[in-house]
Amino acid sequence: MKLLTNAQKLLLLLRRQTSSKTTTVQAHDPSAAGQPALTSAQLDELERNVELRHHRNNVPLIRKLIEASVRGDRSVEQQLEEELGQLPNATHPRLLDYGDQPRELAQHVHREMPPKPKEFSELARALNLYRMDHLGNYTGHKSYYLTGHLATLEQAIIQYALQSVTKHGFRLISVPDILPKEVIESCGMRTEGERTQVYKLDTGECLSGTSEMALAGFFANKVLPEEELPLKVTAVSRCYRAETSGLQEEKGIYRVHQFTKVEMFAICTPTQSEAELEEFKNIEVDLFKQLGINFRLLDMPPCELGAPAYQKYDIEAWMPGRQMWGEISSCSNCTDYQAKRLSVKYRRSSDGQVQHAHTINGTATAIPRLLIALLESYQKGDSVEIPTVLRPFMDGQEFIARSKRIPETKLVKFIKAA
């Protein structure tokens with residue numbers, strides 16, 4: 001992380017420098033004598049990290065911009081600042097030999113799978129609790145309705161997750177879904193380009209892809225006392241993703257444009273962040289153990305970290321109707337990547353110095369995929385058993401059977417005049 005810190009200080013220093021022909025750029029605070037420079041070799045190391053993470057390699061351009069700035073060309077400074085901001089976070093050393101594959105750390109088996117399991121869509125339609133067909137004309141592609149007891153089950157999962165995480169000291173915050181693009185980009189998600197997952201509004205603002213962004217933005221430009229850290233918050237929000245997929249195994253509500261999620265977020269000191277990530281991971285593991293589904297814990301390789309994460313764990317549930325593992329949760333240590341971009345700081349109690357904080361995020365529950373895992377795992381003939389921990393949030397109900405109260409909808413091509 002030291003090299004990335006030096007790179008982020010580079011622009012400030014170049015603005016203070018006079019023209020120089022040296023090949024070594026001092027990329028640290030000039031008042032901090034004796035610290036290493038950002039040399040060509042260190043730029044090589046940054047480039048290796050970019051390639052390891054399968055990130056867009058902009059280091060060659062950064063080299064050219066540095067050379068131009070050192071020669072006294074101040075016109076490149078804004079572009080240099082933008083390019084430095086696009087560098088990904090450093091990578092945890094233990095991940096360096098993972099290649100492109102995650103490491104399975106544990107597999108949890110809690111129940112036997114049904115002999116001939118139905119896929120979620122087939123099962124939910126048979127129970128008359130779900131609709132996704134013929135919605136494109138008025139709600140858009142990848143939209144869906146959950147009705148009857150399935151809609152109630154969604155709310156039960158939310159309440160169960162909130163009850164669980166608040167027991168661990170998380171404070172509930174209600175967050176906005178519309179955010180400035182600067183907040184979203186500071187959290188590590190690009191809002192421009194062909195592959196962006198972000199919905200942009202005509203106002204220039206964006207729909208939030210996860211409440212992590214709103215929670216991080218809540219603490220922007222704040223200096224927190226060290227005694228208050230780690231500060232842990234949680235939120236329930238709708239999440240909007242422009243992503244889509246044509247893969248057969250990701251059909252239905254597995255990958256959709258909008259869904260509900262319970263998110264965990266923490267601000268902590270650098271010495272606390274690795275322990276906090278482990279706590280997030282353990283909370284998630286316990287959540288899914290209590291739900292009684294079969295799942296596995298993965299330690300993700302560098303190419304799966306995105307831009308902000310230093311390290312990340314994923315949890316995948318077995319979905320018997322699809323015969324596949326599907327991601328239902330993750331948690332990441334973003335170190336100071338987001339905090340530096342949002343100016344989230346803390347005041348050290350030992351000497352009063354102000355330092356950048358670290359941020360941790362984790363998914364307590366992402367509703368659609370968890371519904372897939374639950375219904376496919378708990379199906380019993382023409383009904384679905386409700387996990388024991390969710391029953392208190394459904395008035396003690398034990399099974400979901402076919403509902404006849406919600407009328408079935410059928411596509412009609414022509415309506416005859418009376």
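The numbered points below comment on a predicted model of the protein, going from the whole chain to single residues.

1. Overall make-up. The predicted model contains 11 helices and 18 strands. Of its 418 residues, 52% count as buried, and the protein exposes about 20100 Å², of which carbon and sulfur atoms supply 49%. Among contacts with a separation of 6 or more, 70% are accounted for by residues 24 or more positions apart.

2. Helix H9. This helix covers residues 273-291, 19 residues in all, and its first and last C-alpha atoms are 27 Å apart, close to the 27 Å expected at 1.5 Å a residue. Its buried residues are Ser273, Glu276, Leu277, Phe280, Lys281, Ile283, Glu284, Val285, Leu287, Phe288 and Leu291, a list in which the charged side chains of Glu276, Lys281 and Glu284 deserve a reader's attention. After H9 comes Gly292, which has a positive phi, near 75°.

3. A buried acid in H9. Glu276, which belongs to helix H9, is buried yet has no salt bridge, and the nearest side chain of opposite charge, that of Lys232, is 4.7 Å away. Because a salt bridge here requires a side-chain nitrogen of Lys or Arg within 4 Å of a carboxyl oxygen, the pair formed by Glu276 and Lys232, at 4.7 Å, is not counted as one. Lys232 is nevertheless one of the residues that Glu276 touches, together with Pro230, Ala266, Cys268 and Ile360, when residues up to four places away in sequence are not counted.

4. The cis peptide bond. Pro230, just listed as a contact of Glu276, is joined to Leu229 by a cis peptide bond with omega about 0°. Pro230 is found in the loop between strand S7 (223-225) and S8, and strand S8 itself covers 231-240.

5. The longer binding-site annotation. An unreviewed UniProt entry gives the annotation "binding site" to Arg241, Ala242, Glu243, Val256, His257, Gln258, Phe259, Glu327, Ile328, Ser329 and Ser330. How buried or exposed are two of these residues, Ala242 and Gln258? Ala242 sits in the loop between strands S8 (231-240) and S9 (258-268) and is partly exposed, since its relative accessible area is 27%. Gln258, in strand S9, counts as buried because its relative accessibility is 18%, and the cut-off for a buried residue is under 20%.

6. Contacts of Ala242 and Gln258. With neighbours within four places in sequence left aside, Ala242 is in contact with Thr196, Gln197, Val198, Tyr199 and His257, and His257 is itself included in the annotation. On the same basis of leaving aside neighbours within four places, Gln258 is in contact with Lys142, Ser143, Tyr144, Arg238, Cys239 and Tyr240.

7. The shorter binding-site annotation. UniProt, again in an unreviewed entry, places "binding site" at Thr210, Arg241, Glu263 and Asn361. Thr210 is found in the loop between strand S6 (206-207) and helix H8 (211-218), whereas Asn361 is in strand S15, residues 358-366. Thr210 counts as buried because its relative accessibility is 7%, and Asn361 counts as buried because its relative accessibility is 7%.

8. How the annotated residues meet. Which residues does Thr210 touch, not counting those up to four places away in sequence? They are Cys239, Arg241, Lys261 and Glu263, and the annotation that covers Thr210 also names Arg241 and Glu263. Asn361, under that exclusion, touches Glu212, Glu263, Met264, Phe265, Phe280, Ser330, Cys331, Ser332 and Cys334. Glu263 is thus a contact of Thr210 and of Asn361, while Ser330, also touched by Asn361, carries the annotation of point 5. Phe280, another contact of Asn361, is among the buried residues of H9.

9. Positive phi outside glycine. Ser343 has a phi near 55°, a positive value in a residue other than glycine, and lies in the loop between helix H10 (337-342) and strand S13 (345-347). Ser343 counts as partly exposed because its relative accessibility is 23%. Asp395 likewise has a positive phi near 55° without being a glycine, and is found in the loop between strands S17 (383-385) and S18 (399-400). Asp395 is exposed, since its relative accessible area is 79%, and the cut-off for an exposed residue is over 50%.

Note on methods:
Residues numbered from 1 in each chain as written. Predicted model: local features only at pLDDT ≥ 70, side-chain atom pairs only at ≥ 80, totals over all residues. Heavy atoms only, no water. Helix = DSSP H or I, 4+ residues; strand = E, 2+ residues; numbered from the N terminus. Expected span 1.5 Å × (residues − 1). Buried < 20%, exposed > 50% of the residue type's maximum accessible area, 1.4 Å probe, protein only. Contact = heavy atoms within 4.5 Å. Areas by Shrake-Rupley, 256 points an atom, 1.4 Å probe, with all protein chains shown as cover. Lys, Arg positive; Asp, Glu negative; His and termini not counted. UniProt positions renumbered as here; feature names shortened; annotations may be inferred.
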